[in-house]
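Student: I should like a close look at a single part of this protein, namely its nonpolar interior. Please set it in the context of the whole chain.

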Amino acid sequence: MVSWNQRRTVSFNSSISSFSSSLILEKDGVERSGKCRIHATPVKAQTLDELHSLQKKKSAPTTPIKSPHVFGVAVSEEERQKQQLQSISASLASLTRETGPKVVKGDPARQAETPKVQQHTHHHHTPALNISDSGLKFTHILYNLSPAELYEQAIKYEKGSFITSSGALATLSGAKTGRSPRDKRVVRDEITEEDLWWGKGSPNIEMDEQTFLINRERAVDYLCSLEKVFVNDQFLNWDPNNRIKVRIVSARAYHSLFMHNMCIRPTTEELEDFGTPDFTIYNAGQFPCNRYTHYMTSSTSIDINLGRREMVILGTQYAGEMKKGLFGVMHYLMPKRQILSLHSGCNMGKEGDVALFFGLSGTGKTTLSTDHNRYLIGDDEHCWSNHGVSNIEGGCYAKCIDLSREKEPDIWNAIKFGTVMENVVFEEHTREVDYTDKSVTENTRAAYPIEYIPNAKIPCVGPHPKNVILLACDAFGVLPPVSKLNLAQTMYHFISGYTALVAGTEDGIKEPTATFSACFGAAFIMLHPTKYAAMLAEKMQKHGATGWLVNTGWSGGSYGSGSRIKLAYTRKIIDSIHSGALLKAEYKKTEVFGLEIPTELEGVPSEILDPVNTWPDKKAHKDTLLKLGGLFRKNFEVFTNYKIGTDSNLTEEILAAGPNF
C-alpha cells in the first residue's frame, strides 16, 4: 500500500518529468510540441572569485605588434611592454634625482601580488644620498583606458562623479570653473625671445627656465607620490603629415576621459609606433604651486616650456586648460612649418567647398558652422597647410548653458555615454540635467568625440577654403549684415577680432561694450597677430578665397532701441556665400569703414543691407558709426608700430583698410 507522501512524491516527479520532456529541442533546432529546451549546464567556476574571473576576456595588448621586428630585431610582447613603461617612467623622472619612478601597468585595486620592478634603459649607480621614500613605492600606470574603464575609475574614486540620465559622465572641476589666463606663463629663453609676441597686448606672460623646473618638479613629485596616474598617448592634427604626438599624465579619470575625447584617438596599430611624445602635459591640478616661487601671483600656475616641449598645471582642475594649452603650442609649432593655425569653425559642402568661421563668444560661430546640409570638419581649432584644412582636435567642447533639443539637436544628442559634462546640475533621483541651472557656474560644458556629430567628416580634413567668414555681433547696430572684404580689409578685421557685448544692467541703462581679440583668439596665440594675418592673406590669395564680414547683431539702432538681425536672414546670407550667389550681387561702398555691401539679396529685405536705412535718427547713426570707428582705431594702435623681427612695420595698406574719417 502506497502512503499519501509517496503518492505526492511520485506525482511531483512525474510532473517534473513531463515538464522537462515538453521543453526538449531536437538537435537540428526544430521545436518539439512548440516548446524550447532550457540548458542547465553548470558554470566552470568552483568559487565566486573564479566566476568573476570568467566575466572578463583578456584584452589584446594596448599596443599590439603587427610585426615582431623593430629595427630588424625580434621583440617579444614582454619586451615591447617594458619599452613602453620605460618611456613613461622617463616622462615622470625627477630632474633632481637620477631615477624615474618604478612604474607598472594596471589598476592597483586589481593587483593580486607585488609587481616586479621594471628595469630602466638608463644604466647608472644607485645614488646613496638622494633616494626618498617615493623610490621605494610603485606608481601604477592606467594607460589609454577606454571610456567605460574611466567611468568606473571616476565613480569609484572621484567625489562628484555621476552618470546622468543620458549616459554622460557628470563631474566637477573644483574651485576653478574656467581658464585662468593671468596665471598662464611661457618660458622666455633665447629662442622664444625672438619668436614670441611679448609686451603690451600680448597673452604671453614670461617666466624663466629655473622657475619652470621648480614647478615641474613640484608637479612630478606630486604625481609620483600617488598610487596611480592616468597616461594618455594621443595625436593633434588630422593631417597625417603634420600631426603631433602628445602625452598627458594626470591624476584624475575625468581629465583622462576629457583628453581621450578632445585629442585624436590613435588606433592600436598607431600606438604600436608611438614612441617618444613630441609634447608632454603634467596635470597636477589638485596640488597648488608655491606662491612664494618667483613669477607666481596665486596658487594656480599653467606653465609652457617650448624648448622642453612640456606643460605643467598646478592649482586648477579645469580641463579646458589642457585643451587651450595645446592649442597655444600648435600656434607656435605649426607656423614654423608654414602652416597657419586658426581659432575657427570649419565646414564643407557636398561639392567640396570649404568655409572657415571666425567669431568670439555670442557671435553665432557654433550655430552657423553647424549646418545639416554640410559636413562638419571641426568646431574650434584648425590648420591650413599646402594640402588644405585639417582639424587639430578629435572632439568638441560645447557650452551647455540653456542648451535645448530644439535649438541645437546635434549637441543635445551628442551628450550620451562617453561624454564628459563639467559642473552641470542634475535632478538627484532621475539624474536629468537642468541646463538652465547656473548654481555651480554659467560655464557648464560637454566634451565629446567629433564622431558623435552625425554629419562630421571623418577624417576631419578638407580642401582649401573658398570662403573666410568673420562674424561680429555688433550691438552698436552700425555694421552691415554682410560685407565683402578685400585682402587688406580681411587682415585688418582678422587682427582686430571685433564683437560687441551687452554690458550688465546699471541704474537701468544697458550700453554695448566693444570687445577686441586679435585673430579671434588672442588668449591662445604665440606670435604677433600680424604674422598670422599675413599667412592668412597669402593663403587666401594663393587659393582664391573670399573674405566676408557678417554682423549677427543689431539693426535699426543700438541695443535697446534697435532689434537683433533675424537668424533666418543671417542663414540666408551664409547660404548665399556658400553657393557663390553673393559673389554675383551688385555692391556699393559704405562710409567710414569703406565696406562693400550688396544692394540686393534673395530672401533678405533690401533695406536692412545698409544699416543707415533702418535707423530712424540718421544723426544718431552717424555719431554711433564714428564712435565705433574710433574704438577700432584705438584698439589698433597697439599693432601699428610693431616691428616683426627684421621685417618692416605694418604696411600702410592694412592701416588704410580700417575706418577712415
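Tutor: What follows begins with the model as a whole and then turns to the interior and to some individual residues.

This is a predicted model, in which local features require pLDDT of at least 70 and side-chain atom pairs count only at pLDDT 80 or more, while totals for chains, interfaces and linings use all residues. Residues are numbered from 1 along each chain as its sequence is written, and side-chain values use heavy atoms, with hydrogens and water left out.

The mean pLDDT (the predictor's confidence in each residue, from 0 to 100) is 87 for the protein, and 84% of the residues reach 70 or more. Over residues 4-36 pLDDT stays under 50, and the model has 16 contacts beyond four places in sequence for them; a contact means heavy atoms within 4.5 Å. Residues 60-73 also have pLDDT under 50 throughout, with 27 such contacts. Where pLDDT is low, the predicted coordinates should not be read in detail.

The protein has 17 helices and 34 strands; these are DSSP runs numbered from the N terminus, helices being H or I of at least four residues and strands E of at least two. Of its 661 residues, 51% count as buried. Buried means under 20% relative accessible area, exposed over 50%, and partly exposed in between, with a 1.4 Å probe and protein chains only. Among contacts with a separation of 6 or more, 72% join residues 24 or more positions apart.

The interior itself can now be described. A nonpolar core is a set of buried Ala, Val, Leu, Ile, Met, Phe, Trp, Tyr and Cys residues joined through side-chain atoms within 4.5 Å. The largest such core has 151 residues, and Leu92, Leu223, Trp384, Tyr448 and Phe494 have the most contacts inside it. Helix H9 (residues 320-333) gives this core its largest share, seven residues. Apart from it lies another core, of 17 residues, including Phe357, Leu368, Ile574 and Leu582. In soluble globular proteins, nonpolar side chains tend to be buried together.

Phe494 merits a closer look. Leaving aside neighbours within four places in sequence, Phe494 is in contact with Leu342, Phe358, Leu470, Ala518, Cys519, Phe520, Tyr532, Ala533 and Leu536. One of these partners, Phe520, is in the loop between strand S29 (512-516) and helix H13 (529-543). Phe520 counts as buried because its relative accessible area is 2%. Although not a glycine, Phe520 has a positive phi of about 60 degrees. Most residues other than glycine have a negative phi, and most peptide bonds are trans.

Two further loops show backbone features of this kind. Asp402 has a phi near 60 degrees and is placed between strand S20 (395-399) and helix H11 (409-414); its relative accessibility is 46%, so Asp402 counts as partly exposed. The peptide bond from Ile458 to Pro459 is cis, with omega near -5 degrees, and Pro459 is in the loop between strand S24 (445-449) and strand S25 (461-462).

Finally, a polar residue offers a useful comparison. Gln489 is in helix H12 (residues 487-496) and counts as buried because its relative accessible area is 6%. Beyond four places in sequence, Gln489 touches Lys484, Phe593, Gly594, Leu595 and Ala657. Leu48, in helix H2 (residues 48-55), counts as exposed because its relative accessibility is 61%.
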